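Notebook open. Today I'm looking up how some helices touch, and then where empty space is left inside.

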Amino acid sequence: MAKTLRFREDGTFKIVQFTDPEFATNDQEEQQMEAMMLRILEDEQPDLVVFTGDIIASASTKDPADAFRRACCVPDRMNIPWAAVFGNHDSEATITREQLHAMQLTYPNNYAKPDPQGVHGSGNYVLTMKGKDQEAACALYFLDSGSYSPLEHSRMGFYDWVRRDQIDWYARESYRLTNSNGGTPLPSLAFFHIPLPEYNDVWDFNICYGERNDEFCCAPWVNSGLFAAMIEMGDVMGTFVGHDHGHDYWGDWHGIRLCYGRTTRNAYLDRPFAPGARVIVLHEGQRSFDTWLHLADGTLQSEQKKHEPVGRTPKIGAMGLR
């Protein structure tokens with residue numbers, strides 16, 4: 001039977017975003033993280049859980065498949081629909097992204113879809129939510145942002161980027177959904193792991209809300225044009241990423257809200273930075289969404305610290321460019 005996501009009777013749809021949990025060893029720290037994730041889900045009662053990459057730290061465990069199964073069981077044991085995209089740490093060792101994607105598809109509450117043929121990566125798919133009229137009222141795009149730059153030897157950055165065939169696939173799906181909606185783009189969100197270069201732009205040149213605890217975002221140095229495609233298609237209202245554990249900000253860049261999640265594990269900072277999740281609430285029939293952070297101690301942060309733009313940092317790029 002086909003799996004269907006629907007807006008609630010009150011016209012809302014709630015998503016909890018977990019990012020960078022890096023399941024690996026099943027030690028005490030990991031068990032505490034798992035308990036925190038379950039508390040957040042119990043409190044929020046979301047309609048969908050989304051993992052935005054680095055679900056496992058594959059190079060830090062002898063059994064990455066078992067680590068991935070532990071992550072999958074968090075939303076599954078609560079019977080909550082869920083979906084995932086992958087990050088750079090998910091497939092560093094003895095398991096591939098294709099294997100992880102095939103594994104997630106076996107779970108009863110997983111809503112991901114098989115990969116489209118001829119499209120780079122694994123974990124590229126689109127989900128829609130039905131509204132009161134039983135027609136698609138919103139779309140969620142999931143994209144594999146890869147792992148490490150294939151051009152690192154020529155000093156073209158450290159991290160990977162969304163490839164041209166993936167962008168073409170997104171544009172085709174967007175056009176199809178727009179056409180089915182009478183020519184009006186569906187309000188949409190996009191989820192992937194590695195931030196776009198525009199995440200540096202919005203922090204440097206526009207007002208943002210939240211924290212960036214480094215001098216730059218670890219975005220690819222190659223701008224392959226995904227953001228431009230989203231502007232052209234006119235459907236995506238917001239994007240959600242992970243990757244930079246110490247960043248949790250969001251900002252509006254040319255009408256699209258570029259958002260970080262909140263790391264679900266250690267932020268690797270020299271000061272306290274509580275882990276947690278980002279919560280997103282969509283409203284049927286509206287091109288808008290609400291979002292807040294849900295932290296480990298139960299604190300909800302609906303208003304984050306305002307950051308005024310200060311211009312381009314002299315160090316920018318995946319590992320810094322002077």
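I started with the contact (heavy atoms within 4.5 Å) between two helices: Ala-65, Phe-68 and Arg-69 in α2 meet Leu-100, Met-103 and Gln-104 in α3. By class, I get four nonpolar, one polar and one charged residues there. Nonpolar covers Ala, Val, Leu, Ile, Met, Phe, Trp, Tyr, Cys and Pro, charged covers Asp, Glu, Lys and Arg, and the others, Gly among them, are polar.

Note to self: this is a predicted model, where local features need pLDDT of at least 70, side-chain atom pairs need 80 or more, and totals for chains, interfaces and linings use all residues. Numbering runs from 1 along each chain as its sequence is written, and side-chain values use heavy atoms, without hydrogens and water.

Next I looked up α1 (residues 28-44) and α2, whose axes come within 10 Å and cross at roughly 25°. Axes are lines fitted to C-alpha atoms, for helices over the stretch in contact, with angles from 0 to 180 degrees between N-to-C directions. So α1 and α2 are roughly parallel to each other (that takes an angle under 35 degrees). Glu-30, Glu-34, Met-37, Leu-38 and Leu-41 of α1 touch Arg-70, Val-74 and Pro-75 of α2. I sorted that contact into five nonpolar, no polar and three charged residues.

Last, the empty space. The largest cavity (on a 1 Å grid over the protein atoms alone, points where a 1.4 Å probe fits but cannot get out) has 16 lining residues, those with an atom within 4 Å of a point. Nearest its centre I found Trp-161, Val-162, Leu-196, Pro-197 and Pro-220. The lining splits into ten nonpolar, four polar and two charged residues.

How values were computed: Helix = DSSP H or I, 4+ residues; strand = E, 2+ residues; numbered from the N terminus. 1 Å grid on protein atoms, 1.4 Å probe; cavity = no way out; pocket = protein on both sides within 12 Å on 5 of 7 lines; lining within 4 Å. Parallel < 35°, antiparallel > 145°, perpendicular 65-115°, else oblique.
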